[in-house]
Amino acid sequence: MTSARVNGFSALRRLNMTLLLCFDSLMQTRSVTATAHALNKSQPAISRELAQLRESLADPLFVVIKKRLVPTERAIRLHNNIHEPLCTLEQALSHDDAFNPLLLTGAINIGAAAHIELLLAAPLTLLLRAAAPNLTVRFQPVHGDFVPDDLDSSRMDIAIGLFQPPPKRFRHETLFDDERVCVVSSQHPLASRNRLTLHDLPKMKWLAFSHMYGAETNFDRALRNLHQEMHFSVYVSNFGLAPTFLMESDYATTMPRRIANKYQKYFPLRQIILPKELRKARMVMVWSIQKDQSKLNRWIRDAVVKVISSEHVEAPPVTAHG
């Protein structure tokens, strides 16, 4: 390495470590107040450091939208490049203290699609609270795909759902592969059927979750080239209403078989096999690359995997022959 390179780093010399740590915290909290609290500084001090950052980088870095800091493209690119080196430096300089869940306080935030929350909420809470009794477990709804900003800003520690492949700046793990099934009341006109054909789909009344209204769904994409449709004519705000709604109507809905099996423990429902084009269901857990090496985040992810692995739900026997 040349002496010019060693004595260079002109961009780095414009920013000291304090400013970089302030920027990193602002990217995670999206709040001057929260960053001031996290760094044990006053709000005016954080505002001054943000002003220095803006001047040094010739970019606003954040704009205020609905009282929240929203990063510019330059800020996002910069954070993607500096966060991991800061974490590496922190680990190199700090003592390698053992992670102790008993000392945890505050809340962890888990984004969960409606189906997976039904499967996870109680057993995961019991597992986490047994190890960390002073911890609050907070589930937040994920409607459709997750919002990247929720994970980037630490509003969620992890997100779990039937997601499309996430952007490269996120880590992800498949929790399980399943198949979607049609679910109806045991009194539904088609309850005696074993499977549906593509031609059955447009003749049925379908129930969906409210986030699907007006949006293109996996079903739309799967059926587009087959010239078939599913007519969703009612959308409920909470999919926990689905079993009761189905029992009191001649509507049908779809869900992963693993979830349907759990519902059938408590409600007189029937499963009907869907056409193969609609069966695929992959449950995915996603987290920010910023949290990949976090001992806390890794502990949460391991707990999720443990609960999913222990949830062996047997399918009810199929009695229909249609």
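Here a biologist and a modeller talk through a predicted model of one protein chain.

Biologist: Happy to meet this structure! How many helices and strands are there in the chain?
Modeller: Welcome! This is a predicted model, so please read every value as computed from it. The C-alpha trace spans about 80 × 45 × 40 Å along its principal axes. Within the chain there are 12 helices and 11 strands.

Biologist: What share of the residues count as buried?
Modeller: Let us start from the outside: the accessible surface of the chain comes to about 17700 Å², and 54% of it belongs to carbon and sulfur atoms. A residue counts as buried when its relative accessible area is under 20%. Of the 322 residues in the chain, the buried share is 45%.

Biologist: Among contacts between residues at least 6 apart in sequence, what percentage join residues at least 24 apart?
Modeller: A contact here means heavy atoms within 4.5 Å. Taking the contacts in the chain between residues at least 6 apart, the percentage that join residues at least 24 apart is 74%.

Biologist: Which residues form a nonpolar patch on the surface?
Modeller: Look at helix 3 (17-29) and helix 6 (73-93), each of which supplies at least two residues of the patch. One of the patch members, Leu21, is found in helix 3 and is partly exposed, with a relative accessible area of 40%. Together the patch residues have about 380 Å² of accessible area, and they are Met17, Leu21, Leu89 and Leu93.

Biologist: Phe99 and Trp299 form an aromatic pair; what is the angle between the planes?
Modeller: A search of the whole structure finds eight aromatic pairs. In the one formed by Phe99 and Trp299, the rings are 5.8 Å centre to centre, and the pair is tilted, with the planes at 55°.

Biologist: How many residues apart in sequence are the parts that Phe99 and Trp299 tie together?
Modeller: Trp299 counts as buried at 17% relative accessibility, whereas Phe99 is partly exposed at 31%. Phe99 lies in the loop between helix 6 and strand 3 (107-112), and Trp299 lies in helix 12 (residues 295-310), so the parts that the pair ties together are apart in sequence by 200 residues.

Biologist: Is Tyr263 buried or exposed?
Modeller: Tyr263 has a partner ring in Phe267: their centres are 6.3 Å apart and their planes at 65°, so this pair is edge-to-face. Phe267 counts as partly exposed at 26% relative accessibility. For Tyr263 the value is 8%, so this residue counts as buried.

Biologist: The charged end of which residue sits over the ring of Trp287?
Modeller: Trp287 has its place in strand 11 (residues 280-288), and at 6% relative accessibility it counts as buried. Leaving aside neighbours within four places in sequence, its contacts include Leu151, Phe170, His172, Asn297 and Arg301. A charged end sits over the Trp287 ring, 4.1 Å from its centre, and belongs to Arg301.

Biologist: With which residue does Arg301 form a salt bridge?
Modeller: Side chains of opposite charge can pair when their charged atoms come close. Arg301 counts as buried at 7% relative accessibility, and its partner is buried too, with a relative accessible area of 16%. The closest N and O atoms of this salt bridge are 3.9 Å apart, and the partner is Asp292.

Biologist: How many residues apart are Asp157 and Lys291?
Modeller: The side chains of Asp157 and Lys291 meet in a salt bridge, 3.6 Å from N to O. Asp157 is in the loop between helix 8 (148-152) and strand 5 (158-161), while Lys291 is in the loop between strand 11 and helix 12. Asp157 counts as buried at 11% relative accessibility, as does Lys291 at 13%. The pair links distant parts of the chain, and its residues are apart by 134 residues.

Biologist: What is the distance between the closest N and O atoms of Lys41 and Glu49?
Modeller: A search of the whole structure finds 12 salt bridges, and Lys41 forms one of them with Glu49. Lys41 counts as partly exposed at 31% relative accessibility, whereas Glu49 counts as buried at 9%. The closest N and O atoms of the two lie apart by 2.6 Å.

How values were computed:
Residues numbered from 1 in each chain as written. Predicted model: local features only at pLDDT ≥ 70, side-chain atom pairs only at ≥ 80, totals over all residues. Heavy atoms only, no water. Patch = residues over 30% accessible without salt bridge, like charges linked within 9 Å, V, L, I, M, F, W, Y side chains within 5 Å. Areas by Shrake-Rupley, 256 points an atom, 1.4 Å probe, with all protein chains shown as cover. Salt bridge = Lys/Arg side-chain N within 4 Å of Asp/Glu carboxyl O. Helix = DSSP H or I, 4+ residues; strand = E, 2+ residues; numbered from the N terminus. Buried < 20%, exposed > 50% of the residue type's maximum accessible area, 1.4 Å probe, protein only. Phe/Tyr/Trp six-rings, centres within 6.5 Å; stacked < 30°, edge-to-face > 60°. Lys NZ or Arg CZ within 6 Å of the ring centre and 35° of its normal.
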